[in-house]
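Reader: I have a model open here and would like to walk through its helices and its core with you. Could you start with the terms we need?

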Amino acid sequence: MYDDAMDDLPFESQPDLIGDKLVGGLLSHSLDYCFVLEDEDGICGYAVGTVDVTPYLNKCKHSWIPFMQEKYSKPQGDKELSAAEKIMLSFHEEQEILPDTFLANFPSLIKVDIHKKVTDPSVAKGMMACLLSSLKANGSRGAFCEVRPDDKRILDFYSKLGCFEIAKMEGFPKDIIILGRSL
């Protein structure tokens, strides 16, 4: 899903970094809820999730995060960090936890993205339906996703799917938008 049009390739020296950050933990610890969209050029979309984010985060904390900390050394904080270094640093920082009152209604974490070359909106809706149906069939009451406020493309993407609302609650991390949906 990486933007092919970018002239500056901040992740060229770390080609796995984006994937490790966005979906690596889910691919390692929640493979039952992974759907991939492929065309003649290769992978052009994904829908991944976990039915219950709390045990998933515990697994990540004890196995995935230490592996990432070993793979990506902590950047020195005495200089302006590049985009890649900021992501590497995130593996070394304590992660904020969502309030239990929210997770009681929205226990499932999802991440969906489709490359911009896929113009048929029914493809994204179909992938989302497969993921959400799978989560619901396995006991989930609701799903949520996290989006950076400055990521207009992903915010527009979820908005076009028309099934998520911005969740507001005391205790949410300030640097992300939480979108939730009951199942």
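Author: Happily! Contact here means heavy atoms within 4.5 Å, and buried means under 20% relative accessible area. Please keep in mind that this is a predicted model.

Reader: With that in hand, what covers the buried residues of α2?

Author: The residues to be covered are V53, Y56, C60, W64 and M68. Their cover includes α1 (17-29), β2, α4 (100-103), β3 and β4.

Reader: How far apart are the end C-alpha atoms of α2, and what would a straight helix reach?

Author: Helix α2 spans residues 53-71, which is 19 residues. There is a kink of about 50° in this helix. A straight helix would reach 27 Å at 1.5 Å a residue, but the end C-alpha atoms of α2 are only 24 Å apart.

Reader: On which residue is the kink in α2 centred?

Author: Here the list of buried residues in α2 is worth another look, as one of them is the residue you want. The kink, of about 50°, is centred on C60.

Reader: Which residue caps the N-terminal end of α2?

Author: Look at the backbone nitrogen of T54: a side-chain oxygen lies 3.3 Å from it. That oxygen belongs to the capping residue, D52.

Reader: Is P107 buried or exposed?

Author: P107 sits in the loop between α4 and β3. Among the residues it touches are V51, D52, V53 and R141. The cut-off for buried is under 20% relative accessible area; P107 has 9%, so it counts as buried.

Reader: Now to α5: why do its buried residues line one face of the helix?

Author: The buried residues of α5 are A124, M127, M128, L131, L132, S134 and L135. Seen down the helix axis, they fall within a limited arc, so they line one face of α5. In general, an α-helix has 3.6 residues a turn, so residues three or four places apart point the same way. For α5, the arc that holds the buried residues is 160°.

Reader: Which element gives the largest share of the largest nonpolar core?

Author: That core has 23 residues, and those with the most contacts inside it are I110, M128 and Y158. At least two residues each come from β2, β3, α5, β4, α6 and β6. The largest share is six residues, and it comes from α5.

How values were computed: Residues are numbered from 1 along each chain as its sequence is written. This is a predicted model: local features need pLDDT of at least 70, side-chain atom pairs count only at pLDDT 80 or more; totals for chains, interfaces and linings use all residues. Side-chain values use heavy atoms; hydrogens and water are left out. Buried means under 20% relative accessible area, exposed over 50%, partly exposed in between (1.4 Å probe, protein chains only). Helices (H or I, at least four residues) and strands (E, at least two) are DSSP runs, numbered from the N terminus. The arc is that of the directions from the helix axis to the C-beta atoms. The expected span of a helix is 1.5 Å times one less than its number of residues. The bend at a residue is the angle between axes fitted to the seven residues ending there and the seven starting there. A polar contact is a pair of N or O atoms within 3.5 Å; within protein, one must be able to donate a hydrogen and the other to accept it, and residues adjacent in sequence count only if both atoms are side-chain atoms. A nonpolar core is a set of buried Ala, Val, Leu, Ile, Met, Phe, Trp, Tyr and Cys residues joined through side-chain atoms within 4.5 Å.
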